[in-house]
Amino acid sequence: MCDAPFGSCMAARSAPMQTLSEKQRRILSYLREHADSKTYFKSRLIGDALGLSPKEVGTNMNAIRKTDGVLSVEKWGYSSSTTWKVTQ
């Protein structure tokens, strides 16, 4: 909940997107695009779709977890590739 004047809260929520790197913006865009149809994402599969390594995805997911106000991202499992639970 935001107590700022009308419109200020939305600006505050969207501001972190500007601090994300190009890779992080690509990953976040991918998650937003697919979050309606999927809840769990493997770093390996995100990387395959975006041309990144699973390690690059995992490293950048930590920044996304801290900045995006629209999606909730939590580390879920580690079997064969880190799995991320993503909810809106």
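## Exercises on a predicted fold

Ser-72 has Thr-87 as its bridge partner in strand E3. The model is predicted: local features need pLDDT of at least 70, side-chain atom pairs count only at pLDDT 80 or more, and totals for chains, interfaces and linings use all residues. Residues are numbered from 1 along each chain as its sequence is written, and side-chain values use heavy atoms, without hydrogens and water.

**Exercise 1.** List the helices and strands in order.

*Solution.* Start with the terms. Helices (H or I, at least four residues) and strands (E, at least two) are DSSP runs, numbered from the N terminus. The protein chain has four helices and three strands. Along the sequence, the pattern reads α-α-β-α-α-β-β.

**Exercise 2.** How do E2 and E3 run, and how many bridges join them?

*Solution.* Two strands pair if DSSP finds at least two bridges between them. E2 covers residues 72-77. Five bridges join E2 to E3, and the two run antiparallel. Now look at their hairpin. Five residues lie between the strands, and Ser-80 takes a positive phi near 60 degrees.

**Exercise 3.** Which helix gives the most residues to the largest nonpolar core?

*Solution.* Such a core is a set of buried (under 20% relative accessible area, 1.4 Å probe, protein chains only) Ala, Val, Leu, Ile, Met, Phe, Trp, Tyr and Cys residues joined through side-chain atoms within 4.5 Å. The largest one has 17 residues. Ile-27, Leu-31 and Ile-46 are among the members that touch the most others. H2 (22-34), H3 (43-50), H4 (54-67) and E3 (83-87) each supply at least two residues. H2 gives the most, with four.

Terms used. Buried means under 20% relative accessible area, exposed over 50%, partly exposed in between (1.4 Å probe, protein chains only).
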